[in-house]
Amino acid sequence: MTHRDTLVTTSQAADLLGVKTSTVYTYVSRGHLEPIRRPGDPGSWFHRSDIERLARSNRRRRSQPRSELPNETTHLTSITCITDRGYQYRGLDPLELARSRTFEQVAEFLWTGALPGEVSWPSPSEPGLDQLDRLPLDRLRVAISELGIRDQLRFGKTPEAIRVTGRTLLVDLMAALPLVGDASESLGFVDQLWPRLASVAPRSEVRASLESAMIIIADHGVAPSTLAVRIAAGYRADLYGAIQSGMSIMAGGWYGRRALSAERMLDDVDRVGDAEQVVGDLFRQGGIPCLGQPRYAGPDPRTEMILDLTTSAAPDAPALRAVRDIQRITADRALPSPSVELALAAMCRAFGLITGASEAVFALGRAAGWIAHAIEIYGRPIAAPPAFEHATTDQKGVR
């Protein structure tokens with residue numbers, strides 16, 4: 001291994017970049033750095049060459065007049081504020097919203113900044129998807145392409161137009177999932193979503209917990225998938241294209257599929273009956289899925305929120321015992337805390353939802369936040385095409 005390919009710790013990376021360690025985690029969350037995980041080591045490592053590349057990029061960007069190299073992704077977002085203590089949607093506690101508001105109301109609040117009263121979204125149209133067997137997230141990705149092609153008015157980008165499109169887009173995406181239970185007569189978004197994820201009707205507490213979880217995950221600042229949405233919107237992709245960009249990142253091998261991996265891990269614990277054996281096998285294969293969230297110094301607050309909701313609604317669920325065992329094992333080994341995807345997978349397993357339900361719930365919930373970010377970016381004037389942070393002056397014309 002050459003000097004330039006050696007690995008450095010997070011602290012060493014911060015020193016090389018001349019920033020705080022928290023800023024290094026921000027670079028990770030925005031996709032500018034890829035951390036290296038070592039089995040049994042709770043810390044993150046980075047290739048020195050990647051750190052040096054980012055340092056050169058930062059120096060170039062600081063030397064450029066701001067008007068010459070605008071960067072939509074570096075603006076602070078007004079939608080979600082994240083600190084070590086937790087996060088807020090436009091100044092309000094997501095957990096409090098989850099206790100008192102519907103998913104539709106919180107989505108509208110993310111889009112407008114004003115909490116609405118009663119909200120009525122349109123009935124879904126029939127996307128007409130073929131009936132090939134697909135995981136829910138795969139069906140959503142196919143559906144969004146078809147829905148975009150059908151919408152002749154998709155290039156309207158005023159906030160009002162995007163909100164109208166956003167409502168229709170979300171309900172039509174939900175309706176792209178095939179029914180596995182009896183259709184609900186209610187017009188509520190979560191009521192219509194439930195029979196597409198479960199064959200039996202939910203208890204009221206279970207249904208309310210799922211809706212609360214969707215509210216909790218609706219936005220989380222400029223996460224990697226959200227960054228993709230903002231870049232697409234910055235280049236004036238239509239809303240369908242921007243949301244497709246986010247879903248593509250969510251379904252990818254590096255950032256995505258974490259919820260599905262967590263479902264499978266919980267299934268293995270239930271089948272084997274020994275969490276330590278399953279975790280040990282995962283160590284042997286390279287690591288445990290769904291650990292850590294670089295935005296927080298400690299545990300991800302969303303994880304416990306969703307686990308608490310699940311415990312209240314289904315206290316005896318085997319998936320809950322499995323995830324608590326995994327939490328104990330990771331704490332004993334000083335590993336990062338379980339992520340929100342593991343909590344969401346535990347909820348879906350505890351509630352008896354279909355395989356891949358956690359991915360669908362995450363994608364549909366987060367789509368509400370993506371629409372809010374698209375509205376924010378569409379509302380900014382374009383002096384020049386938005387550039388990536390690592391772009392050089394001779395890359396500005398690259399399409």
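A residue counts as buried when its relative accessible area is under 20%, as exposed when that area is over 50%, and as partly exposed in between (1.4 Å probe, protein chains only). This is a predicted model, in which local features need pLDDT of at least 70 and side-chain atom pairs count only at pLDDT 80 or more, while totals for chains, interfaces and linings use all residues. Residues are numbered from 1 along each chain as its sequence is written, and side-chain values use heavy atoms, with hydrogens and water left out.

**Exercise 1. Decide whether Glu-108 is buried or exposed, and find what surrounds it.**

Solution. Begin with the location: Glu-108 lies in helix H5 (residues 103-112), where helices (H or I, at least four residues) and strands (E, at least two) are DSSP runs numbered from the N terminus. Next, take the relative accessibility of Glu-108, which is 8%, so this residue counts as buried. Finally, list the contacts, meaning heavy atoms within 4.5 Å: leaving aside neighbours within four places in sequence, Glu-108 touches Gly-113, Ala-114, Pro-116, Val-119, Trp-121, Arg-163 and Arg-167.

**Exercise 2. Describe the largest nonpolar core and name the helix that gives the most to it.**

Solution. A nonpolar core is a set of buried Ala, Val, Leu, Ile, Met, Phe, Trp, Tyr and Cys residues joined through side-chain atoms within 4.5 Å. The largest one has 101 residues, and those touching the most other members are Tyr-89, Trp-111, Leu-140, Leu-173, Phe-189 and Phe-351. The greatest contribution to this core, 15 residues, comes from helix H17 (residues 357-378). A second core, separate from it, consists of twelve residues, among them Leu-17, Tyr-27, Phe-46 and Ala-55. To look more closely at one member of the largest core, take Phe-189, which, leaving aside its neighbours within four places in sequence, is in contact with Phe-103, Glu-104, Trp-121, Leu-170, Val-171, Met-174 and Met-214.

**Exercise 3. Work out how helix H12 and helix H16 cross, and which residues make the contact.**

Solution. The axes of H12 (residues 258-272) and H16 (residues 340-350) come within 8 Å and cross at roughly 55°; such axes are lines fitted to C-alpha atoms, for helices over the stretch in contact, with angles running from 0 to 180 degrees between N-to-C directions. Angles under 35 degrees count as roughly parallel, over 145 as roughly antiparallel, 65 to 115 as roughly perpendicular and the rest as oblique, and H12 is therefore oblique to H16. On the H12 side the contact is made by Arg-258, Ala-259, Ala-262, Glu-263, Met-265, Leu-266 and Asp-267, and on the H16 side by Glu-341, Leu-342, Ala-345, Ala-346 and Arg-349.

**Exercise 4. Treat helix H6 and helix H7 in the same manner.**

Solution. H6 (residues 136-150) and H7 (residues 159-175) pack at an angle of about 135°, with their axes 9 Å apart. These two helices are therefore oblique to each other. In the contact, Leu-140, Ala-143, Ile-144 and Leu-147 of H6 meet Leu-169, Asp-172 and Leu-173 of H7.

**Exercise 5. Find where Arg-90 and Arg-236 are placed, and state what is noted about the phi of each.**

Solution. Arg-90 sits in the loop between strand E5 (86-89) and helix H4 (94-100), and its phi is near 45°, a positive value in a residue other than glycine. With a relative accessible area of 27%, Arg-90 is partly exposed. Arg-236 belongs to the loop between helix H10 (224-234) and helix H11 (239-250), and has a positive phi of about 70° although it is not a glycine. Its relative accessible area is 24%, so Arg-236 is partly exposed.
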